[in-house]
Amino acid sequence: MTTFNPNEQVRVRNRASSDQGYRKVDCGLSRYRKIYELQSKLFKNRLEGNGEDTLLITRHRPVVTMGKTSSAKDLLVDKDYLAEHGVDFAEIDRGGGITYHGPGQLVLYPIFDLRNYGKDLRRFVRKLGLIAEDVVEAL
């Protein structure tokens with residue numbers, strides 16, 4: 001059994017690229033805010049018709065994110081406690097509640113233009129499944 005090293009680069013075979021190509025960016029072990037800013041930039045470029053389909057692969061340093069559908073009462077400890085224990089805190093403009101991300105948890109962020117898939121969500125989700133399998137197999 002292979003031990004997962006969160007600092008190790010992931011080399012992914014591209015079995016899922018039979019439809020459209022995409023760029024893979026291994027961000028390594030990273031801070032959530034840095035990756036969030038990169039996602040926002042890539043997303044904006046895709047909306048403007050620029051850039052290319054991109055898969056960000058990362059493992060986050062310890063962070064708790066609080067999405068739009070959560071409230072302060074959902075956080076069971078205060079932000080100072082998190083900071084004292086080396087856990088970042090980020091309020092984000094996406095849906096979802098409170099989520100913890102940390103080393104050892106592989107996170108994939110696809111920034112893809114669905115128009116390349118005929119706006120067919122099922123086709124796109126199938127491709128994402130293949131992409132995820134390829135990433136995990138590469139570990």
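Q: Which strands does helix α1 lie across, and at what angle does helix α1 run to β2?
A: In this predicted model, helix α1, made of residues 32-47, lies across β1, β2 and β6. Its angle to β2 is about 170°, and since such angles run from 0 to 180 degrees between N-to-C directions, a value of about 170° belongs to the upper end of that scale. Helix α3, residues 121-138, also packs on this sheet, where α3 touches β2 and β6, and the direction of α3 makes about 140° with that of β6.

Q: What makes β1 and β2 paired strands, and in which sense do they run?
A: Two strands count as a pair if there are at least two bridges between them. Seven bridges join β1 to β2, the strand of residues 54-60, so the condition for a pair is met. The two strands run parallel, and one example of residues facing each other is D26, which stands opposite I57 in β2.

Q: In what order do the strands β1, β2 and β6 form an open sheet, and why is one side of β1 and of β6 left without a neighbour?
A: The order is β1-β2-β6, with mixed pairing. Both β1 (23-30) and β6 (106-111) stand at the edges and have a single partner strand each, so one side of each is left without a neighbour in the sheet. From one strand to the next, the twist averages 20°.

Q: Which strands form the open sheet that contains β3, and what is the pairing?
A: This sheet has three strands in the order β4-β3-β5, and the pairing is mixed. Its edge strands are β4 (88-91) and β5 (98-101), since each pairs on one side only. The twist here averages 20° from one strand to the next.

Q: In what sense do β3 and β5 pair, and over how many bridges?
A: The sense is antiparallel, and the pairing extends over four bridges; at least two are required, so β3 and β5 qualify as a pair. Within this pairing, V63 has H101 in β5 as its bridge partner. Helix α1 packs on this sheet as well, touching β3, β4 and β5, and its direction makes about 30° with that of β4.

Q: Is V135 buried or exposed, and what makes it count as such?
A: V135, which is found in helix α3, has a relative accessible area of 0%. Buried means under 20%, so V135 is called buried. Its C-alpha atom is separated by 8.9 Å from that of L108, although the two residues are 27 residues apart along the chain.

Q: Why is V77 called partly exposed?
A: The relative accessible area of V77 is 34%; buried requires under 20% and exposed over 50%, so V77 falls in between and is partly exposed. V77 is found in the loop between β3 (63-66) and α2 (79-84). Together with L76 and Y81, V77 makes a nonpolar surface patch of about 330 Å².

Q: How many helices and strands does the protein chain come to, and in what order do the elements run?
A: There are three helices and six strands, and from the N terminus on they run β-α-β-β-α-β-β-β-α. Of the 139 residues, 33% count as buried. Among the contacts with a separation of 6 or more, 81% are between residues 24 or more positions apart.

Technical notes:
Residues are numbered from 1 along each chain as its sequence is written. This is a predicted model: local features need pLDDT of at least 70, side-chain atom pairs count only at pLDDT 80 or more; totals for chains, interfaces and linings use all residues. Side-chain values use heavy atoms; hydrogens and water are left out. Contact means heavy atoms within 4.5 Å. Patches are made of residues with over 30% relative accessible area and no salt bridge: like charges are joined within 9 Å, nonpolar side chains (Val, Leu, Ile, Met, Phe, Trp, Tyr) within 5 Å. Accessible areas come from the Shrake-Rupley method with a 1.4 Å probe; for residues, only the protein chains shown count as cover. A salt bridge is a side-chain nitrogen of Lys or Arg within 4 Å of a carboxyl oxygen of Asp or Glu. Buried means under 20% relative accessible area, exposed over 50%, partly exposed in between (1.4 Å probe, protein chains only).
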